[in-house]
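I opened my notebook on a new model today. My plan was to look up strand pairing and then helix packing.

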Amino acid sequence: MSLRLIPFGGLGEIGKNMMGFFYDEDLIIVDAGVMFPKEEQLGIDLIIPDIRFLEENRNRIKAIFLTHGHEDHIGALPFILPKLNVPVYGTRLTLALVKSKLKEFYLPIEPDFREILPNAVVSCGKMSVSFFPNVHSIYDGIGIVIETPAGTVVHTGDFKFDQTPMAGMFTDFKRLTDLGSRGVLLLLSDSTYADRPGSSDSEKSVRKSFEAIFSNAKGRVIVAAFASSIPRIQQIVDSAKTYHRKVAFVGKRMIENVAIARELGYLMIKEDEILREEELSTSAHESIAVITTGSQGEPFSALTLMAAKSHKSVEIIKGDTVVISATPIPGNESLVYRVVNQLYRLGAEVVFNPSVKSDASLKVHVQGHAGQEELKLLMNLLHPRFFIPIHGEYRQLVHHARLAREVGIPEKNILIAVDGDIVEISDQEIRVVDRLPLVPQFVHGYGVGEIGKSIMKERRALGEEGVLVLGLTLHKETLKLAAEPEVVSRGFIGDDSELAILEETKKITREFFNNGALKKNRDPEILKGNLKGELNKFFGETMGRKPIIIPVLTMI
Ligand SMILES: [Zn+2]
Ligand SMILES: [Zn+2]
């Protein structure tokens with residue numbers, strides 16, 4: 001009998017973290033995350049782990065344990081749960097974030113969520129699982145301890161050490177020391193910043209910068225942050241309060257997460273300290289703070305729309321101070337710089353530290369993962385027999401393995417594994433015994449699959465012909481237009497004839513819905529298909545073009 005593990009994602013890449021642990025007939029899973037596509041992967045929304053092997057072994061799975069509520073750890077659940085309907089364990093905030101996310105999906109099953117309470121021990125056949133609290137950029141993160149007949153396995157989740165953490169977060173050094181003195185067989189540890197010397201800064205160290213920004217700003221202060229970074233949002237809220245500014249939360253995900261965090265007591269802000277989005281236009285600018293999404297320059301996020309002068313309630317003007325309280329995730333740099341340039345063009349002052357170790361006078365972000373000194377400290381507390389670096393691109397795994405050697409773990413006890421490796425751990429050795437051929441699964445719209453010919457065709461058409469998005473609001477009963485169709489085009493027209501063509505598009509759309517197209521068929525998919533046909537005929541005949549047309553239906 002031996003202990004085996006398989007990384008289904010997250011090793012050799014940042015994102016879609018998921019790992020399976022096997023002992024005898026029992027199997028447990030840690031995390032089920034997504035990865036965001038690279039800029040060139042057009043037509044793809046998300047990438048999720050390949051779980052065919054887990055589906056085949058469904059009956060052996062005891063549970064899925066979630067380390068925390070970041071997308072790279074929970075984002076695949078909407079796609080995985082219908083296939084693996086097993087109990088899902090998470091802490092309070094983590095489960096609340098999962099449930100809020102699942103509302104956007106239709107799930108044919110009722111998921112079995114179980115809240116992890118402090119000191120909980122979950123028995124999973126021959127394995128038993130317990131937890132320890134983590135400091136990270138989100139509340140309620142945990143590390144996982146798996147007791148197996150072969151020995152104790154520690155999975156860190158995402159973590160950093162912070163000697164002055166935000167209220168409600170702490171590192172349980174005593175627990176870690178106890179684990180170390182009882183003996184740890186295998187440590188799996190977060191490699192995100194294994195290539196960064198030194199230690200991470202305390203979350204509280206950004207407070208000074210925010211105080212300075214709020215005290216100096218004459219106009220509005222607009223801060224973009226991750227919607228899940230409730231500790232950061234708390235600090236911005238507190239600074240705003242000190243300087244007598246009310247806070248408006250803008251952006252769908254921001255508004256949802258703030259509501260969850262307030263309800264569960266993770267974010268403290270009184271009702272009368274909040275400004276509604278509608279009140280933004282009538283309030284004095286020096287009394288306004290806006291906390292919004294878009295810190296990664298994501299297309300269609302609130303900050304990106306503001307920078308493009310297309311946000312419905314915030315128009316950037318001279319006198320505004322915009323703070324980007326995050327660093328770009330590798331791959332997003334050009335998106336963020338595009339937004340920053342645009343904000344400057346509109347006359348705003350921008351505070352942005354492109355790298356986390358920047359010695360900028362105004363530090364508005366700190367890293368959420370352990371640096372080299374913290375990683376070594378953890379290894380020294382646990383002194384594990386075997387070590388596998390996780391959660392990182394290949395070079396980060398290699399750096400982390402080097403750190404392990406530096407603290408004295410013998411080379412033969414360190415294994416750099418990648419997604420799909422089947423790793424076996426015995427008393428004496430750790431080795432890759434086999435490989436699962438994993439195929440990353442691409443999610444587009446609500447479908448999942450490998451990338452097919454149609455997507456490739458779509459990408460090409462997007463590049464060559466552009467895209468036209470039609471926002472259609474229909475009456476639920478009559479399926480008639482309830483509002484003027486909205487048309488947005490990208491890469492399609494882009495010259496003076498644009499307005500005329502968009503008007504004609506609206507006209508054809510209106511006629512389509514008025515001319516009894518509905519009597520033939522009420523199926524929304526068929527309706528969309530027929531409308532696309534009409535429009536394509538028009539674009540083909542008048543312009544010789546064939547753009548991608550995306551009708552988006554809202555029923556009211
Ligand atoms: Zn995380
Ligand atoms: Zn992560």
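How many bridges join β6 to strand β7, and do they run parallel or antiparallel? I counted 2 bridges between β6 and β7 (residues 88-90), and the two strands run parallel. This is a predicted model, so I read each entry below as computed.

**Entry: around β6.** I looked up one residue pair here: Ile-64 has Val-88 in β7 as its bridge partner. Next I checked β4 (residues 26-30). It runs parallel to β6, joined by 4 bridges. Ile-28 finds its bridge partner in β6 at Ala-63. I then checked how covered β6 (residues 61-65) is. Of its 5 residues, 4 are buried, which leaves the strand mostly covered.

**Entry: the open sheet.** I traced an open sheet of 6 strands. I read its order as β9-β10-β11-β12-β13-β19, and the pairing is mixed. Why do β9 (121-124) and β19 (386-390) each have one side without a neighbour in the sheet? Both stand at the edges with a single partner strand, so one side of each is left free of a neighbour. On average, neighbouring strands here are turned by 20° against each other, direction ignored.

**Entry: β12 and β13.** I found 3 bridges between β12 (residues 151-155) and β13 (residues 186-190), a parallel pair. Val-154 is matched with Leu-187 in β13 as bridge partner.

**Entry: helices on the sheet.** I noted α5 (residues 173-182) packing on the sheet, where it touches β10 (127-133), β11 (142-148) and β12. Its direction makes about 145° with that of β10. Helix α12 (residues 394-406) also packs on the sheet, touching β13 and β19. For α12 I logged about 150° against the direction of β19.

Technical notes
Residues are numbered from 1 along each chain as its sequence is written. Chains are lettered from A and ligands numbered from 1 in the order in which they are written. This is a predicted model: local features need pLDDT of at least 70, side-chain atom pairs count only at pLDDT 80 or more; totals for chains, interfaces and linings use all residues. Side-chain values use heavy atoms; hydrogens and water are left out. Two strands pair if DSSP finds at least two bridges between them. Axes are lines fitted to C-alpha atoms, for helices over the stretch in contact, and angles run from 0 to 180 degrees between N-to-C directions. Contact means heavy atoms within 4.5 Å. Buried means under 20% relative accessible area, exposed over 50%, partly exposed in between (1.4 Å probe, protein chains only).
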